[in-house]
Amino acid sequence: MSILLLVAISLFTDPGPGTSVLPLLRLAEGPRGAALGDALTATVDDATALYWNCGRLGKIRDYALSLSHQIWYNGTNDELLHFALPAGRGVFGFSLIYSATPGIEFWNEQNQPGDTFTAGNGIIALGYGVPVAERYFLGAGLKGCYENLYTGYGYGTALDIGFAAEPFEFLKTGLAVRNLGLMKYSQLETLPAELVLGLAWTASKLRLLLDGVYPRDRQFHLRLGIEYQPITELSLRAGYRTGPQDLNELGALSGLTMGIGVNLTNLALDYSLSGYGKLGTVHRLGIRFNLPRYGHGSLRIRVIDALTRERIWASIKLQGVREFTGETNRAGELLITGLAPGRLIIHTFRKDYQTRTDTMFIIGDREQSAVLTLQPVRYSTVTGTIYDAVTKKPVSGTVIYKGAVYGEQETDPDLGMYTIRNLPSGRYLISVRVPAPYIPQSCTLDLPPGQLIQQDFYLERRQ
């Protein structure tokens, strides 16, 4: 973190606009981030993390592949490939970008037209992200750049550094320094370095994003995005960015972005539309794959009854290094194979038994075992009678119970008696509701498993 801040300080010298080359480096990579107003620094979770925030590479669990095609104005097209490869504690990222603008007219020194040519740019990047603590990630990336301008060419390198934190379930943050480097043409030129701070707030179906960007050669600008998922399979996206394009020159609407995503099990299809005012619009199409990461470890789960010690059937849900929902066999056993190293959370369910949750660390190169005992839910019964406190005669009314379960029951209209059966053990609030002139009454009961509890009520009349 301190390294990032020191690097950030070095960016605060503004050399003025137009002093950086290779603007391709500052353009959003992939349709998802572009649709969200280029604001993906804090929450990117796919292979394009190498561009947005290489620290977020350390958050990726599975093998991830992203392919994109970007259609610009004036016939310019970009082809992008991003790949994330988990390895050891961290994740390697790789990307390859090629951008070409065909049909450019060449004029010689005598102002005579010549043949048309194609200008091309290429960027190759390699990075690595790793978790440094629970919910904290750090990464770095190195880029190699090439530009062909027909009468000359340039090549250079750039460094990216990224940091990400998830202090709360609903809040993610990211800090990235991008494009620290130089380009060599006939002389050395500066690449478009920028410092980006991102925030992301997430609710059940809604995500709000905000990036603040400080380019070395331009003014500070903001990027905002919103993503809404009415259903898991569909993502609706929109955003707005105040730069790097000049809104005064291109118009306020040139900052608007929008897009859509279709999310399948391990596949996502994305589209985005970005406006650039009188220059035109940019269309981005992309496809993202998640390939489950399997290791060489296995886990043999056995589920037994805590009282009889006999094996029993149960439902199992796994989270962590492996997402899985299934069942044991009738002998209470389940074998999970192909597990990578890491933390695994095991949820075990069975009707009439208490649910349990266990966490274990998967080594990833051997078979491990877990014996899970389920405690049967034993039910209790509460019975009693409602009386007049003075006459000791039965009173009819309603008994309300709240605890592990809740409900209400009418008493016998003549005897004032009630019996509530099949109550799981635990603490309950028992209340009596009766017609006037009696005063309602309540009490708290701790029900031990498998017991019959007698609880009578003696009600006072209102004065």
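The largest cavity in this predicted model has a volume of about 60 Å³. It's one of 4 cavities of 30 Å³ or more that turn up in a search of the whole structure. The notes below start with that cavity, then go through the other spaces, the overall build, one sheet and one tyrosine.

**Largest cavity**
- Its lining counts 15 residues, and G30, P31, R32, T48 and R288 are the closest to the centre.
- Three elements each put at least two residues into this lining: α2 (31-35), β1 (63-71) and β15 (281-291).
- Sorted by class, the lining of the largest cavity comes out as 4 nonpolar, 6 polar and 5 charged residues.

**Second largest cavity**
- Here you get about 50 Å³ of space.
- The second largest cavity is lined by L25, E29, L50, Y51, S95, I97, I123, A125 and K143.
- At least two lining residues come from each of α3 (49-52), β3 (90-107) and β4 (113-133).
- The class split for the second largest cavity is 6 nonpolar, 1 polar and 2 charged.

**Second largest pocket**
- If you're after open space, the second largest pocket holds about 450 Å³.
- It has 20 lining residues, with P23, L24, L27, W72 and Y73 the closest to its centre.
- On the chemistry side, the lining of the second largest pocket has 10 nonpolar, 5 polar and 5 charged residues.

**Overall build**
- The protein has 4 helices and 30 strands.
- Its radius of gyration is 32 Å, while a compact globule of 463 residues would sit near 23 Å.
- Along the principal axes, the C-alpha trace spans about 120 × 60 × 40 Å.
- Of the 463 residues, 46% are buried.

**A three-stranded sheet**
- An open sheet is built from 3 strands in the order β19-β16-β22, with mixed pairing.
- β19 (333-339) and β22 (367-374) are the edge strands, each pairing on one side only.
- On average, neighbouring strands of this sheet are turned by 20° against each other, direction ignored.
- β16 (residues 297-305) pairs with β19 in the antiparallel sense over 5 bridges, and I301 stands opposite L334 in β19.

**Y458**
- You'll find Y458 in strand β30 (residues 457-459).
- Is Y458 buried or exposed? Somewhere in the middle: its relative accessibility is 40%, so Y458 counts as partly exposed, given that the buried class ends at 20% and the exposed class starts over 50%.
- Y458 and A389 are 69 residues apart in sequence, yet their C-alpha atoms are 4.6 Å apart in space.

Terms used. Residues are numbered from 1 along each chain as its sequence is written. This is a predicted model: local features need pLDDT of at least 70, side-chain atom pairs count only at pLDDT 80 or more; totals for chains, interfaces and linings use all residues. Side-chain values use heavy atoms; hydrogens and water are left out. Two strands pair if DSSP finds at least two bridges between them. Axes are lines fitted to C-alpha atoms, for helices over the stretch in contact, and angles run from 0 to 180 degrees between N-to-C directions. On a 1 Å grid over the protein atoms alone, a cavity is a set of points where a 1.4 Å probe fits but cannot get out, and a pocket is an open set with protein on both sides within 12 Å along at least five of seven lines; lining residues have an atom within 4 Å of a point. Grid points are joined across faces, edges and corners, and a volume is the space filled by probe spheres set on the points. Ala, Val, Leu, Ile, Met, Phe, Trp, Tyr, Cys and Pro count as nonpolar, Asp, Glu, Lys and Arg as charged, and the others, Gly among them, as polar. The radius of gyration is taken over C-alpha atoms; the globule rule is 2.2 Å times the number of residues to the power 0.38. Buried means under 20% relative accessible area, exposed over 50%, partly exposed in between (1.4 Å probe, protein chains only).
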